[in-house]
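User: I have a structure open and would like to go through it. Can you help me read it?

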Amino acid sequence: MLSSDTDILTAAASWRRDGRGVALATVIETWGSAPRPVGSHLVIDQDGNFLGSVSGGCVEGAVITDALDVIADGGPRVLEFGVADETAWRVGLSCGGRIRVLVERVD
């Protein structure tokens, strides 16, 4: 079962109160077939713990890796995964779609 937006945002706030570094990833655009709709969230802490979903498969692993960098340096990133990218199959987008994900630190 996927977590609700309320659960994800509540976890982000709670983790910040606990002093953890936190990033929030949000699907900002989809094209073609995509496993999660625009507005879907994934929250990640400095230790790689996460809650929610922005895609599935290896895409989430790539988003978590970038989120750790965002937590460390504070700069937001827009990540794009899709069929035009030679890594589409590797990250799990063999379905023929494209997604853009905004990753930003929660301060």
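Analyst: We can take confidence, the sheet, the helices and the salt bridges in turn.

User: Ok. What is the average pLDDT of the chain?

Analyst: This is a predicted model. The chain has an average pLDDT of 87, and 85% of the residues score at least 70.

User: Which strand has the lowest confidence, and which the highest?

Analyst: Strand S4 (residues 77-82) is lowest, with a mean of 92. Strand S2 (residues 41-45) is highest, at 97.

User: What should I do where pLDDT is low?

Analyst: Predicted coordinates should not be read in detail where pLDDT is low.

User: Now the sheet. What is the strand order?

Analyst: The sheet is open and has 5 strands, in the order S3-S2-S1-S5-S4, with antiparallel pairing. At the edges are S3 (50-52) and S4, each of which pairs on one side only. From one strand to the next, the twist averages 20°.

User: How many bridges are there between S4 and S5?

Analyst: S4 and S5 pair over 6 bridges, in the antiparallel sense. Opposite Val 78 stands Leu 102, in S5.

User: And the helices? Which strands does H1 touch?

Analyst: Helix H1 (residues 5-17) packs on the sheet and touches S1, S2, S3 and S5. The direction of H1 makes about 20° with that of S2. Helix H2 (residues 57-73) lies across S1, S2, S3, S4 and S5, and runs at about 30° to S5.

User: Switching to charges. How many salt bridges are in the whole structure?

Analyst: A search finds 7. One of them joins Arg 100 and Glu 29, whose closest N and O atoms are 3.2 Å apart. Arg 100 lies in strand S5 (residues 98-106) and Glu 29 in strand S1 (residues 22-31), so this pair ties together parts that are 71 residues apart in sequence.

User: Are those two buried or exposed?

Analyst: Arg 100 is partly exposed, at a relative accessible area of 28%. Glu 29 is also partly exposed, at 28%.

User: What about Glu 80 and Arg 100?

Analyst: Their side chains meet in a salt bridge, at 3.8 Å from N to O. Glu 80 is in strand S4 and Arg 100 in strand S5, so the pair ties together parts 20 residues apart in sequence. Glu 80 counts as partly exposed, with 42% relative accessibility.

User: Which residue does Asp 107 form a salt bridge with?

Analyst: Asp 107 pairs with Arg 105, and their closest N and O atoms are 3.0 Å apart. Asp 107 counts as exposed, at 71% relative accessibility, while Arg 105 is partly exposed, at 33%.

User: Which residues are joined into one network?

Analyst: Glu 29, Glu 80, Arg 98 and Arg 100 are, through salt bridges that share partners.

Methods: Residues numbered from 1 in each chain as written. Predicted model: local features only at pLDDT ≥ 70, side-chain atom pairs only at ≥ 80, totals over all residues. Heavy atoms only, no water. pLDDT = per-residue confidence, 0-100. Helix = DSSP H or I, 4+ residues; strand = E, 2+ residues; numbered from the N terminus. Salt bridge = Lys/Arg side-chain N within 4 Å of Asp/Glu carboxyl O. Buried < 20%, exposed > 50% of the residue type's maximum accessible area, 1.4 Å probe, protein only. Pairing = 2+ DSSP bridges. Axes fitted to C-alpha atoms, helices over the stretch in contact; angles between N-to-C directions. Contact = heavy atoms within 4.5 Å.
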